[in-house]
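This report describes a protein model together with its ligand. Please examine the sequence and structure shown below before reading on.

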Amino acid sequence: MGLKYIADHIIDICENAVNSGSENAILNIQEEGDEFFSFSVQDFGKGISKEKLELVLDPFYTEKKKKIKFGLGLPLLKYATEQTGGNFTIKSEKGTGTKVSAIFITSNIDCQPIGNIPDALTIIFTMRENFYWQIQRTKNGESYEISTESVENILGKDFIFSPKKVKILTELINDMENSLGGDNGV
Ligand SMILES: Nc1ncnc2c1ncn2[C@@H]1O[C@H](COP(=O)(O)OP(=O)(O)O)[C@@H](O)[C@H]1O
Ligand SMILES: [Mg+2]
């Protein structure tokens with residue numbers, strides 16, 4: 001799996017939330033100049049037990065002959081943040097939910113490129129029908145908010161199945177992204 005961009009990590013962690021059994025989740029993305037880029041994903045799903053959490057954070061975990069294999073999403077994110085002098089935390093409680101937070105120090109030479117945030121948000125909104133996202137994006141002190149509910153109000157409940165509507169969604173997110181302060185280069 002190639003997690004070349006920070007945006008790929010966001011997609012991966014959001015996928016975990018969509019698969020957690022939760023019906024909704026909160027994604028927060030914050031960026032400040034060339035200082036830091038951070039995001040958090042909170043769901044209200046099945047959570048991860050203490051024991052399992054240790055296993056999923058260890059990319060080399062094996063148990064006797066039977067290899068218990070998890071994906072690499074969480075350990076790769078942990079590594080990617082710490083490589084920049086940033087920070088990774090995961091708080092999870094069985095039956096209550098999970099919150100993953102990541103901070104990248106973007107001035108560090110080892111920081112991955114951010115990638116395309118509007119494209120990532122489109123992917124996240126179209127991962128699963130009837131999954132409700134609340135997304136807040138802040139860049140250089142300016143913010144926008146977009147939720148599955150607000151998208152459904154504009155495009156209808158079935159938008160994820162219509163390529164035309166998904167294209168409109170991407171344009172909408174790009175417009176909001178371009179309205180944020182900083183380097184939108186107009
Ligand atoms: N938000 C979450 N809620 C419940 N379980 C989770 C969550 N995130 C991760 N997990 C558990 O941790 C495992 C490892 O996650 P991850 O490192 O992203 O790899 P992958 O998703 O490819 O399995 C998942 O398979 C799942 O069992
Ligand atoms: Mg994953």
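In what follows, Ala, Val, Leu, Ile, Met, Phe, Trp, Tyr, Cys and Pro count as nonpolar, Asp, Glu, Lys and Arg as charged, and the others, Gly among them, as polar. The model is predicted: local features need pLDDT of at least 70 and side-chain atom pairs count only at pLDDT 80 or more, while totals for chains, interfaces and linings use all residues. Residues are numbered from 1 along each chain as its sequence is written, and chains are lettered from A and ligands numbered from 1 in the order in which they are written.

The shell around ligand 1 divides by class as follows.

| Class | Residues in the shell around ligand 1 |
|---|---|
| Nonpolar | 6 residues |
| Polar | 7 residues |
| Charged | 3 residues |

Of the 16 residues around ligand 1 (C-beta atom, placed from the backbone, within 6 Å of it), those that come nearest are Asn16, Ser20, Gly71, Gly73 and Leu74. Helix 1 gives the most to this shell, with 3 residues. Helices (H or I, at least four residues) and strands (E, at least two) are DSSP runs, numbered from the N terminus.

Strand 2 and strand 4 pair (at least two DSSP bridges between them) in the antiparallel sense over 8 bridges. Val41 stands opposite Val100 in strand 4. Strand 4 also runs antiparallel to strand 3 (residues 87-93), to which 7 bridges join it; here Phe88 has Ala102 of strand 4 as its bridge partner. In the hairpin of strand 3 and strand 4, with 3 residues between the strands, Gly95 takes a positive phi near 85°.
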